[in-house]
Amino acid sequence: MKTYYESIIEKGYSRRDFIKFTTYMTAFMGFEASMIGQVTKAMETKKRIPVIWEHFQECTGCSESFIRSDHPLVADLILDNISLDYTDTLMAASGHNAEEAKQESMKENYGNYILVVEGAIPMKDDGVYCTIAGRSAIEILKESAAGAAAILTFGSCSSWGGVQAAYPNPTGSVPVDEIIKDKPIIRVPGCPPIAEVMTGVVMHYATFGRLPELDSLGRPKQFYGKRVHDSCYRRPNFDAGLYAESFDSQEAKDGYCLYKLGCRGPVTYNACGSMGWNNGVSFPIKSGYPCIGCSEPSFWDNSPFVERLTNVPGMGIEATADTVGKIAVGAAVGAAVVHSLATNIAKKKELREAEECGEENEKNIKA
């Protein structure tokens, strides 16, 4: 089996393109620039890791997101680079030929391949609610997981159960970790996850042969270590107490915070605000709709999504934001008002200083 570097060069890309690719992936994996050399060396020498990708109860949105990774080398080569040996959605073969290819790959690479799972697994009535070629999702998952080195759960369905597991969960749907207990599992939740997040997690394991650092819920910290709230471009307006009251208001169009319209950004951990979709062009909040917390457990049961959050954790203005909106206790309101006034006074001072500087520069030019 070829190395990552050999595969890239064989496709007609230059050494320069390869270095750009490793630099790009180093950044997306959350490493400093000093790690580029190590990532490059690993990809020059390591063989491509086989990947088996199973689909169960899902909408295929995660696959749709994955194949739309915008970076040219990722988009053109990642499926070849990771040696995607089986995925019944993307592979050319079908039926018996596809299943034979999967069985052959799992046998040849036993203990060394990555299993990607997209979709929840129904447990009720012996798993009859998701069957493929007469076999239940439970049976297929156990078989595919037996020889896997690690399991990646792409999307909120395989990570948490998704909409299938929402109350009252008629099919008894569960996430992967409720069935597989003896394998390392990396959760990559989202509905769907960002394409480059999925790519980065695969490449981290393929490059270093180990799991990335995970948070308490089993998610990679480099992508799920911060709240959407922390990197949101509307955050300054949240801190200043400037909120949109309705979706069609001028304030919403002007970028005011969507907290009062139900935004889950303050309690949702994901890289949406810093990475975005479609080459970083946008993400839900930027398009004008509040974050619905799709990377968090049981997010479907946390609806209605346009209902304001209560008891937002944090400190300073964050700790009192809901108090300002709903409960309005005196001291908390006072603190929020003071914070808001101080922020606005500081902004006016900066604006005044900028205007004075401009006037002074104009005088010097005329002189």
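This is a short walk through a predicted model, from its nonpolar cores to a helix, its salt bridges and a patch on the surface.

Let's begin inside. The largest nonpolar core has 46 residues, and Leu 152, Phe 154, Val 188 and Ile 285 touch the most other members. Helix α9 (residues 195–208) supplies the largest share of this core, eight residues. If you centre your view on Val 188 and set aside its neighbours within four places in sequence, you will find it in contact with Phe 154, and its other contacts include Val 197, Met 198 and Val 201. Apart from this core lies another, of 22 residues, with Tyr 86, Leu 115, Cys 130 and Ile 140 among them. In soluble globular proteins, nonpolar side chains tend to be buried together.

Helix α3 (residues 36–45) is a nice next stop. Its buried residues are Val 39, Thr 40, Ala 42 and Met 43. They lie on the same side of α3, because they cover an arc of only 165° around the axis. This buried side packs against α1 (4–10), α2 (15–28) and α9. On the face turned away from it, α3 carries the exposed residues Lys 41 and Thr 45.

Just along the chain, Lys 46 sits in the loop between α3 and β1 (51–55). Although Thr 3 is 43 residues away along the chain, the C-alpha atoms of the two are separated by 5.3 Å. Beyond its neighbours within four places in sequence, Lys 46 is in contact with Thr 3, Tyr 4, Ala 206, Thr 207 and Phe 208. With a relative accessible area of 31%, Lys 46 is partly exposed.

Now for the charged pairs: the model has 13 salt bridges. In one of them, Glu 44 pairs with Arg 15, with the closest N and O atoms 2.3 Å apart. Glu 44 belongs to helix α3 and Arg 15 to helix α2, so the pair ties together parts that are 29 residues apart in sequence.

Arg 219 and Glu 296 form another salt bridge, at 2.9 Å from N to O. Here the partners are 77 residues apart, with Arg 219 in the loop between α9 and α10 (221–224) and Glu 296 in the loop between α13 and α14. Arg 219 counts as buried because its relative accessibility is 3%, and Glu 296 is buried too, at 12%.

Arg 235 and Asp 230 also meet in a salt bridge, at 3.6 Å. Through shared partners, salt bridges join Arg 227, Asp 230, Arg 235 and Asp 239 into one network.

Let's finish on the surface, where Phe 247, Tyr 289 and Val 306 make a nonpolar patch of about 260 Å². Val 306 is placed in the loop between α13 (272–275) and α14 (317–327), and counts as partly exposed at 42% relative accessibility.

Definitions and conventions:
Residues are numbered from 1 along each chain as its sequence is written. This is a predicted model: local features need pLDDT of at least 70, side-chain atom pairs count only at pLDDT 80 or more; totals for chains, interfaces and linings use all residues. Side-chain values use heavy atoms; hydrogens and water are left out. Patches are made of residues with over 30% relative accessible area and no salt bridge: like charges are joined within 9 Å, nonpolar side chains (Val, Leu, Ile, Met, Phe, Trp, Tyr) within 5 Å. Accessible areas come from the Shrake-Rupley method with a 1.4 Å probe; for residues, only the protein chains shown count as cover. A salt bridge is a side-chain nitrogen of Lys or Arg within 4 Å of a carboxyl oxygen of Asp or Glu. Helices (H or I, at least four residues) and strands (E, at least two) are DSSP runs, numbered from the N terminus. Buried means under 20% relative accessible area, exposed over 50%, partly exposed in between (1.4 Å probe, protein chains only). A nonpolar core is a set of buried Ala, Val, Leu, Ile, Met, Phe, Trp, Tyr and Cys residues joined through side-chain atoms within 4.5 Å. Contact means heavy atoms within 4.5 Å. The arc is that of the directions from the helix axis to the C-beta atoms.
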